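These are my notebook entries on one protein model. I set down what I looked up, entry by entry, with the rule behind each term.

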Amino acid sequence: MAVGMYRRAPQLWSLLQCLLGYAPGELPPVEAALILDEEDSDAQYWADSASSGVDAERARRAKHANIKITTILSILTQSRDPRCNALQSTLGVFFHSCNAPERLVKVMTKVGISISVASVRRAVLSMSDKTGDKIESFGRSLLVSYAFDNLDILMKALVPTVDDPHARGMLHLASGTLLRLDHGVTLEDLRCADILWDRSEHNVRSPNRRLFDPIATMDLLYTIHADSQDQDRVLSRQGRFRSWVFQRTLVEHGPAFFSQYTSFIVEPDSVEKIPVTKLEQVPIRAMDHNLSTVAGNLAAIHEIYQQAGVGDPQAAHGRSRRTGEPVVDISRYAVLWNGDMGTFERVLSAIRRRSVENTPYDRLQSMVFVMGLFHFKMAAADAIWRFLVTPDAARRDELGFYKIAAKLRPNDSNHIISNAKFREQHELIHDVGVILRLDAWRTEVARRFGHASLDEWAATQPSLHDIQEVADYLVLNYVEGEGVDLFERHLQPPSARDQVRDNTARTHNYLLHYDEVAYSMDVGDIGRWETVLSVWIPLFRAAGKHKYGTRTLRFIHSLYMVYHERLRQHVLIDWVWHDGRYTIRYNILVNPTGKPGAFRAVDWVVEFLNMLIKFVYGGDSSNYTKERIILESVLVLIYRGVHKTVERNFGITPATTAHSSPNMKETFRTVLEAILQGRDAGPNDYRGGCKSLYEIPDAISAGDAIMDAEATKARRAGESGQPGAADGELEEAEGLLGEDAEPEVEDEPELMFDDLVGLEELL
């Protein structure tokens, strides 16, 4: 904007510079300063030139002068012609999205730097309406996936009255978004709904049903992405990842000497990474439907289809509500739906109920549900909590997870027992793991080199090869799984067994399993995530999270045993063979920033949008109403763009909800010293005959035993002719699978604002 004004009226621009007190030639040319612009390449070029050719003080003065001159000229032109209101419109929408009081907006209107309150309302209505066109255009391409979630909002002003006895403080809405399917997905890849229905376990008339077989699916997970048999490698793929974690812990949190090796600690080999592609999405309008019921989910699904302009052209609502044109027929195409576990269950119930309908649209045969990995990660953290924190005896173990966590959070020691939110669990799992790994380094360095501390070892300037060799040894001898068999240790005589060290080895194992899940999701290594499922499914079952264990297994069964030929067929694109399973697997994680290491789960994106709607752009005080939330729910990303534009052009330091990672090196050192103080041995030291108040259970073996017992019961029930059991029907076999032992909503933890790590990275 400033560049255009300067080029059209350079003399007027110079006059205003003089009136503002700047001498001729005192400021650099307009093109050579960071000024109001639309972030185009030319402006960036001149900005780079300014940073190298103009001193910082002149550039700063030029920025301020250009902002003032552009504002003055905008006021003058808008006074002459009310339609010349680009700056005023932007600031008016900005004030509205900031929930500025109307009185303030009226003052800004009188000053001439904002449009009127009524004009702002018309602009919001117009943008909301035009966004509906974008949603429909996006959806009618069919190359999109859908994601939706419940949007529960506490409206404190709503109370039951005689006129409205059903008013309640909690609003149960639904929100969602459409996401572009990337990585070479074509319509032909999705044209397989008839095949999916022919194989569906809900299609009782089909002879080709692919019934759920948990044993066969687990066998698949044990062999999927098999590790290469390299004789020169001592460690497995998982062991190499753990060695990398040990090395990274030392260089990041150990003595300062080791930080010089940071760039030499290369990341572990990927199994199957998703290519980095920036996410393209369009939020849909929030809906007044309660997703806690199956009927509410069905209503939300149909309304989302209507917003997207797809459905059944022959149905009663077979025309677009916006254009009147027939909707795009989706009966032959697979449609990907993303959601959390509660949504997963209700959608499956809806598909089962509708399986007797005649038309493909009515029986929802196009729906392909994709599980949300963000909630999977939350469930993994909660499972670790159930093994290491929840049991009373676990909290009395002086060298256990809880005692170390209590030293890290001394003011929250009671809170983290039963009320810890996901963000707290996530951070404590990482921090406690770092402390235990640093103690393992200390223990092995003392045993191998005779140094009493890591600082003494650092003084000898060990090489990178020494570090890698010790890290590999730690994985083989200090962590359960790779080289440590705790079952064999249990057979040792009591005088030789060290229960504290065994607990530590198992704690290492559980925490590193979680680290591998988190790492695979952050870097988009979908292959690595699939390799750890053979561990996490038994862990979920042993922790009592039966729904997550069973539903995750069902998702893998559908992915590899139902969607085989069509969604996983080979498609030749640009002379490279691409596996059609990319349709699901390569779109289960998205990258909002288009940067490596910044992948996010689809359900995280929806939760993030919910946070923006509820806490940032949904209104304030008396303006915080259901009507405004529904109207402006499609504008949250537009509002974020307006905020970034204003912050950039007016030189405002961008505000963020994210916090920089604190320097925990000294904290870890202090906590580790406090743990070792007054003790002759730490958690990783060996002391024959040492006992512990709590023995961490072998949850992986326990989970496997649960699934084996269920499979045996199901097989016996089938042999005895029990209806449904031999067919593998989910509903008849749920009692055998132990699902009714789990509370209906137990696996849906409450999300807090800080639970969404990296909020500023969505755009």
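**Entry 1: Tyr 361 and its ring partners**

I looked up Tyr 361 and found that it counts as buried, because its relative accessibility is 14%; buried means under 20% relative accessible area, exposed over 50%, and partly exposed in between, with a 1.4 Å probe and protein chains only. I note that this is a predicted model, in which local features need pLDDT of at least 70 and side-chain atom pairs count only at pLDDT 80 or more, while totals for chains, interfaces and linings use all residues. I also note that residues are numbered from 1 along each chain as its sequence is written, and that side-chain values use heavy atoms, with hydrogens and water left out.

I then turned to aromatic pairs, for which the rings of Phe, Tyr and Trp (its six-membered ring) must have centres within 6.5 Å; planes under 30 degrees apart count as stacked, over 60 as edge-to-face, and the rest as tilted. By this rule I record 25 aromatic pairs. In one of them, Tyr 146 and Tyr 305 have ring centres 5.8 Å apart and planes at 85°, so I enter the pair as edge-to-face. Tyr 146 belongs to strand E1 (residues 144–154) and Tyr 305 to helix H12 (residues 294–308), so this pair ties together parts that are 159 residues apart in sequence. For these names I rely on DSSP runs numbered from the N terminus, with helices (H or I) of at least four residues and strands (E) of at least two. Tyr 146 and Tyr 305 are both buried.

Tyr 305 also pairs with Tyr 361, and I enter this pair as tilted, with 5.8 Å from centre to centre and 45° between the planes. Here Tyr 305 in helix H12 is linked to Tyr 361 in the loop between helix H13 (341–354) and strand E7 (367–371), 56 residues apart. Tyr 305 counts as buried because its relative accessibility is 2%.

**Entry 2: A ring cluster and charges over rings**

Which residues do ring pairs link into a cluster? I found Phe 257, Phe 258, Tyr 261, Trp 441, Phe 449 and Trp 457.

I next looked for a charge over a ring, which requires NZ of Lys or CZ of Arg within 6 Å of the ring centre and within 35 degrees of the ring normal. Arg 448 lies over the face of Tyr 473, 4.9 Å from the ring centre. Arg 600 is placed over the face of Trp 604, at 5.3 Å from the ring centre.

**Entry 3: Salt bridges**

I counted as a salt bridge a side-chain nitrogen of Lys or Arg within 4 Å of a carboxyl oxygen of Asp or Glu. The count by this rule is 37 salt bridges.

One of them joins Glu 345 and Lys 547, at 3.6 Å from N to O. Glu 345 is in helix H13 and Lys 547 in helix H24 (residues 546–562), so the pair ties together parts that are 202 residues apart in sequence. Glu 345 counts as buried at 8% relative accessibility, and Lys 547 is buried at 5%.

I also looked up Asp 392 and Arg 395, whose closest N and O atoms are 2.5 Å apart in a salt bridge. They are separated by about one helical turn, because they stand 3 residues apart in helix H15 (residues 392–396). Is Asp 392 buried or partly exposed? At 48% relative accessibility, Asp 392 counts as partly exposed, whereas Arg 395 is buried at 18%.

Arg 528 forms a salt bridge with Glu 516, with 2.8 Å between the closest N and O atoms. Since Arg 528 lies in helix H23 (residues 526–542) and Glu 516 in helix H22 (residues 499–523), the pair ties together parts 12 residues apart in sequence. Both Arg 528 and Glu 516 are buried.

Arg 448, already entered for its place over Tyr 473, is also part of a salt-bridge network with Glu 444, Arg 447 and Glu 469.

**Entry 4: Phe 650**

I located Phe 650 in the loop between helix H28 (636–649) and helix H29 (665–676). Phe 650 is partly exposed, because its relative accessible area is 23%. The C-alpha atoms of Phe 650 and Lys 63 are separated by 8.3 Å, although the two residues are 587 residues apart along the chain.
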